[in-house]
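Reader: Happy to have you here! Could you walk me through this structure and the reasoning behind the labels?

Author: Gladly; have a look first, then ask away.

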Amino acid sequence: MTMAIVSAKGVSKWYGNVIGLNNFNMEVRSGITGIVGPNGAGKSTFFKLLVGTIRANMGEMLVMGKSPWKNPSQLRGIGFCPDYEYLPADLTGVEFLNLAGGLHGLSGQRLASRTAEVLRMVEMTDARDRRMGGYSKGMKQRMKIAGAILHDPKLLLLDEPLSGTDPVVRKELIDMIKALNKDHGHDIIVSSHVLFEVERMTHEVALLYKGRAVATGDISEIRGLMSNHPHHIVIEGQGLVGLAKSLLDRPFTVSVHLWPDRSGLTAEVSRPDELFDSMPSLISETGCQVDSMRSLDDDLESLFKYLAGW
Ligand code: ADP
């Protein structure tokens, strides 16, 4: 078996008396790995430990076989995209990349050709000379990723790259992240608080809740653990009466509540992936119009509590 890219054994991190990670164990292998958990679960703490900006109080964290703590040379192999905004608004995309490349010791023709290559990879060539303050959320995210892959790291860490973006941009970013792995060979760890989004990128996931890994491995096995736990999915649109009836005939549906004004419904389902897969045929069968579809967030919180055995 190949060496784990990341290996966390019994890792705990406290901030004073607040727990960030609690006896956390995980092995990350080549490919894309998703870290999923609600706010405060410990996702950013995990990333900060991986890049060595903070140190675990207990346990061992290894990245490509070595400890990241006080080991800056490790950073050559890691690209990190934090969840916060840090792009200087006054700089153009290409100025930012030149600055970032300089920090990695790139200059001259090498820097110019790598910058052009990375701009193509994130599809930002056309916007390279615009000031980043005018970029949309999705463009900023692309440019953050460009800065993180400029030095061609093996491992790319993406902390909540989809947050705050609309569904169209989210899909584009998901496709781009998949291509960074498939076409350019980066191993990627990506965090999100939305399980279904991560599932569109990978089947290898770790679910975090209050600093603990409550489930890790293949999503289909984790789904097995979840199958007894119903999810609430909200669907809004028009002509939903027929959809509500058809949903009731499906084996994955536990209950359907059609809103009094008929502008939406809440479906309680045991296997949301089957509902998502069935939606195109349900829409064409019933002739309804679906404007939006979402999983209730507090439902995700209760799912994690359920998996954590609380
Ligand atoms: P996530 O990224 O999943 O939202 P975090 O890793 O940011 O989770 O946070 C995990 C826990 O650690 C939370 O309870 C958070 O409030 C706490 N925490 C994170 N960073 C700090 C800090 N610098 N000081 C104090 N508490 C922190």
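Author: Let me start with the ligand in this predicted model. Strand 2 (18-28) and helix 1 (43-51) each supply at least two residues of the shell around the ligand.

Reader: What makes up the shell around the ligand?

Author: The residues surrounding the ligand include Tyr 15, Val 18, Ile 19, Pro 38, Asn 39, Lys 43 and Thr 45. By class, the shell divides into five nonpolar, six polar and one charged residue. Lys counts as charged, and Lys 43 is one of the residues of the shell.

Reader: What makes the approach of Gly 40 to an oxygen atom of the ligand a polar contact?

Author: A polar backbone atom of Gly 40 is 2.7 Å from an oxygen atom of the ligand. The cut-off for a pair of N or O atoms is 3.5 Å, so this pair qualifies. Two other residues pass that test: a polar backbone atom of Ser 44 is 2.8 Å from a ligand oxygen, and for Ala 41 a backbone N or O atom lies 3.1 Å from one. As for cover, the ligand has 560 Å² of accessible area on its own, and the protein covers 61% of that.

Reader: Why are helix 2 and helix 4 called roughly parallel?

Author: The axes of helix 2 (residues 93-103) and helix 4 (residues 137-149) cross at roughly 25 degrees. Angles under 35 degrees count as roughly parallel, and therefore this pair gets that name. Their axes come within 9 Å.

Reader: Which hand does the crossing of helix 2 and helix 4 have, left or right?

Author: The crossing of these two helices is right-handed.

Technical notes: Residues numbered from 1 in each chain as written. Predicted model: local features only at pLDDT ≥ 70, side-chain atom pairs only at ≥ 80, totals over all residues. Heavy atoms only, no water. Near = heavy atom within 4 Å. Polar contact = N/O pair within 3.5 Å; in protein donor to acceptor, adjacent residues only side chain to side chain. Areas by Shrake-Rupley, 256 points an atom, 1.4 Å probe, with all protein chains shown as cover. Helix = DSSP H or I, 4+ residues; strand = E, 2+ residues; numbered from the N terminus. Axes fitted to C-alpha atoms, helices over the stretch in contact; angles between N-to-C directions. Parallel < 35°, antiparallel > 145°, perpendicular 65-115°, else oblique. Left-handed = near helix turned anticlockwise from the far one by under 90°.
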